[in-house]
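Me: I have a new model open and I'd like to learn how to read it. Can we start with one pair of residues and work outwards?

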Amino acid sequence: MKQRFRIRGRLLRPLIQMFKDMKLRHKVLVTYAFVGILPIAVLGCFCYNQSKNMLVEHENSNMQDCLDQAVLSIDNQLDIYNNLSDYIAYNQSIGQVISYDYSTAYEIYEKYENLTNILDPMLASLKYFHSKVNQITIYTSNNFVKHDTTVAPLSTIVSTEWYKKVTEQSNRDTLWFVKPDQKKVFTARKMPTLEGTDYPSVLYIEVDYNDLFSPLMDMTSSDYGIYVVDQNNSVVYSHNKFSKDSKEYAMNYDTLLDEMENENVSQYTIVKDQVSSGWEVLLYKPNSAIMSSVRNIALISVVVTLCCIVASLLAAAGISKFMVTDIEKLTENMKNVQTGNLEITVTSNSKDEVGNLIRGFGMMIERIHLLINEVYEGEIAQKEYEMKALQAQINPHFLYNSLSLINWKAIEANKQDISRITLLLSTFYRTALNRGDNILSVRDEITNMKCYLDIQLMMHENNFDVVMDIPEEMYQYQTLNLILQPIVENAIDHGIDLLTDRRGVISIKGEQSAGTISFIVEDNGVGMDEEKAQTILTKKSKGYGIRNVNERIKLLYGYEYCMQVHSEVGVGTRITVVMPAIKVG
């Protein structure tokens, strides 16, 4: 061992002596090669790798977020059409027209009068309010001949595969079917109002194929492909958007499956999500397209690093005490950057090589700052998009059902309460839309909720009570719009409407404490178990109205402000909303 050290010592001595014999300028050049150039190169590589990793992770996250938002938009549309299907399927007037036993000649004449005067206007009005519904047809076995597109004999569909699937389901189930070769998508279900009658019927609703899947057509800028497959792993929709130079990256579905199985060696990034109807959505993008945004960082890092190295070598040639001091300061700044402190200022009034080195390093730091800010601003833009998407998720079925109610009251009779419903609905949407502003006063939010409750009381024939206790002092504060209405709607739909043993009561209270205001909405409905109450504010919940409110509050005011849900089976549910006390400007 000692022998080895002696040999190494004899080899190093000439090198050490050569360094001692060099001119000071050369010593500075050699020394700075280790002290200055090497850290700059390491810093450039470190900054490049860190920036590259952040951008790649951001791109992958952005792909998943874009897909989630697109799937959520499709889910919203499916919910609207499912609500429309429920409305038609459970409509007693439609059930009476379809199920009535028309035996005499006069009754047969009356049957077509009912079709013309009752069924046709109803379905026409629903299609008017749902412009993307292409066809609504009721297939029945009650000796009906084909009547326009509204009624058709059941015998015309009994041999179809989708009819067999519908007959295997319960009356409450709504099934979705897609025929991609015909660009057709429709939902079908049994008519629950005709259960137990001699005339079974099937409700068929066809919607616009391109409109339903339109959220998938422009999710990212370019170079991506998408597939939607059903439960049988059959493709029901496909779309790709590749630039002219990237056409070869488009894949068929079988190749995509192979890429998913070979995830470790795949040349693609693949994310997926599932639509509430059971369809699976797959989004893929070539890794080369993702890495293209990183190439600019690599070029900038290399150029800036090389400039710093060249400037360092030139600066060392004209060393002076002043220049050595500047280099020491630069080295100290570089050490700060290596520890993660990018908030530094590197300046120099010198126009020589040392000054160029300092300014080059400053340009690199500024460029890194710029890239980090771009990523940060992208995240903020994404949050704003999420906020707008959550705001847009509010299900418009209440509008459609209310307008349908007004329309039917106008058709059936000229009743006095139509004007009241119309005025309440106008006030409700005036305060709800709020000229596009998400913020409004507590007073306007209470007005919005009262309009909604008055309409619901009229729709429910005043079969439940409302108790409201909100101090007028709270009216001076601001709140998000459409906070209370979804909570009250949830209390009616999932609490009060399911009661059979007592009269329903909804209580709305307001409380003010140090720095916060609170709203408490409580009902004496059927309640829910603790497990379901814990998931109502998460993505596991089937509905999104309550979760929407909670997410909007957290996005605007911070995660310390949120909703609290307490429920007990057979007793009722209490939901508390807490927000900061901010006065209306």
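Reply: Sure. Start with a facing pair across two strands: V178 sits opposite V185 in β4. Keep in mind that this is a predicted model.

Me: In what sense do β3 and β4 pair, and over how many bridges?

Reply: β3 and β4 (residues 184–190) run antiparallel, with five bridges between them. They form a hairpin with four residues between the strands, and there K183 has a positive phi near 55°.

Me: How do I place that hairpin in the whole sheet? What is the strand order?

Reply: Read across the sheet and list who sits beside whom. Here five strands give β2-β1-β5-β4-β3, an open sheet with mixed pairing. The edges are β2 (151–153) and β3 (175–179), each of which pairs on one side only. From one strand to the next, the twist averages 25°.

Me: Which strand pairs with β1, and over how many bridges?

Reply: β1 (residues 133–140) pairs with β5 (residues 201–208), antiparallel, over seven bridges. For a facing pair there, look at I138, which is opposite L203 in β5.

Me: Back to the edge strand β3: is it largely enclosed or open?

Reply: For that, count buried residues, meaning those under 20% relative accessible area. In β3 four of the five residues are buried, so the rest of the structure largely encloses this strand.

Me: How many residues of helix α14 are buried?

Reply: The same kind of count works for a helix. α14 (residues 484–496) has 11 of its 13 residues buried, so to speak mostly covered. The buried ones include Q485, E489 and N490, along with I487 and V488.

Me: What about a charged residue that is buried? Where is D230?

Reply: Look for what its side chain meets. D230 lies in the loop between β6 (224–229) and β7 (235–241). D230 is buried but has no salt bridge, as K165, the nearest side chain of opposite charge, is 6.6 Å away; the cut-off is 4 Å. Instead, the D230 side chain reaches the backbone nitrogen of S234 at 2.9 Å. Beyond neighbours within four places in sequence, D230 touches V236 and W279.

Me: And S214: is it buried or partly exposed?

Reply: S214 has 33% relative accessibility, so it counts as partly exposed. You'll find S214 in the loop between α6 (209–212) and β6, with its side chain reaching the backbone oxygen of D211 at 2.7 Å. Sequence distance can mislead, too: S214 and S73 are 141 residues apart in sequence, yet 9.4 Å apart in space, C-alpha to C-alpha.

How values were computed. Residues numbered from 1 in each chain as written. Predicted model: local features only at pLDDT ≥ 70, side-chain atom pairs only at ≥ 80, totals over all residues. Heavy atoms only, no water. Pairing = 2+ DSSP bridges. Axes fitted to C-alpha atoms, helices over the stretch in contact; angles between N-to-C directions. Buried < 20%, exposed > 50% of the residue type's maximum accessible area, 1.4 Å probe, protein only. Lys, Arg positive; Asp, Glu negative; His and termini not counted. Polar contact = N/O pair within 3.5 Å; in protein donor to acceptor, adjacent residues only side chain to side chain. Contact = heavy atoms within 4.5 Å.
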